[in-house]
Amino acid sequence: MYTIRKKFKFEMAHQLFDAYSDCCKDTIHGHSYILEVFIENDQLDQTGMLIDFTKVKDQIKEYINKWDHALVMPNTFSQEYIDMLYKYNMKLIIVKYNPTAENMAKDIYEYIASKIWNVSKVRLHETDTGYAEYYEPDRVI
């Protein structure tokens with residue numbers, strides 16, 4: 001089995017509606033994220049590659065750029081609060097889940113899997129020492 005990894009970096013703020021840590025709970029805060037995309041296959045193409053790294057970047061760059069320097073919020077906060085944030089944030093993203101690293105990894109994985117059929121997993125680093133991974137073990141590659 002062959003595996004390649006493509007890495008992306010972006011800065012993003014988020015607000016969680018619930019968290020174990022008091023420093024993250026209900027507070028807008030940001031992280032320097034590193035996203036790793038893993039692609040697998042048991043065969044290479046005619047050029048001897050699994051997939052060109054540039055093709056991976058081109059397929060998902062626009063999607064990753066939407067997260068860069070954005071504020072991501074769950075839709076559980078009041079509409080009044082969300083409207084106030086929209087007034088001051090051009091890159092506000094409202095999601096249907098608590099924007100934890102785990103949930104964002106799944107969201108990103110699902111998007112990438114819709115573009116690149118043999119993505120095996122994504123790893124989203126939220127800090128230097130912590131990351132979340134998402135993959136679908138029953139997915140046929």
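Here's a quick tour of this predicted model, going from the whole chain down to one helix.

**Start zoomed out.** Show the whole protein as a cartoon and colour by secondary structure: you should find three helices and six strands. Follow the chain from the N terminus and the order reads β-β-α-β-α-β-α-β-β. Line the view up with the principal axes, and the C-alpha atoms fit a box of roughly 55 × 30 × 25 Å.

**Switch on contacts.** Take pairs of residues at least 6 apart in sequence: 62% of their contacts join residues at least 24 apart.

**Now the surface.** The accessible area is about 8600 Å², with 48% of that belonging to carbon and sulfur atoms. Of the 141 residues, 40% are buried. Next, select the charged side chains: there are 17 positive and 22 negative ones, and the centres of the two sets sit 5 Å apart.

**Zoom in on α3.** Select residues 101-115, a helix of 15 residues. From first C-alpha to last, α3 spans 21 Å, close to the 21 Å expected at 1.5 Å a residue.

Which residues of α3 are buried? Show Ala101, Met104, Ala105, Ile108, Tyr109, Ile112 and Ala113 as sticks. Look down the axis and you'll see why they share the same side of α3: they cover an arc of only 165° around it.

**Finally, the cover.** Keep those sticks on and add what packs over the buried residues of α3. The strands there include β1 (2-14) and β2 (29-41), as well as β5 (119-125) and β6 (131-134). Add helix α1 (53-67) too, which is also part of that cover.

How values were computed
Residues numbered from 1 in each chain as written. Predicted model: local features only at pLDDT ≥ 70, side-chain atom pairs only at ≥ 80, totals over all residues. Heavy atoms only, no water. Helix = DSSP H or I, 4+ residues; strand = E, 2+ residues; numbered from the N terminus. Expected span 1.5 Å × (residues − 1). Buried < 20%, exposed > 50% of the residue type's maximum accessible area, 1.4 Å probe, protein only. Arc of directions from axis to C-beta. Contact = heavy atoms within 4.5 Å. Areas by Shrake-Rupley, 256 points an atom, 1.4 Å probe, with all protein chains shown as cover. Lys, Arg positive; Asp, Glu negative; His and termini not counted. Charge placed at Lys NZ, Arg CZ, Asp CG, Glu CD.
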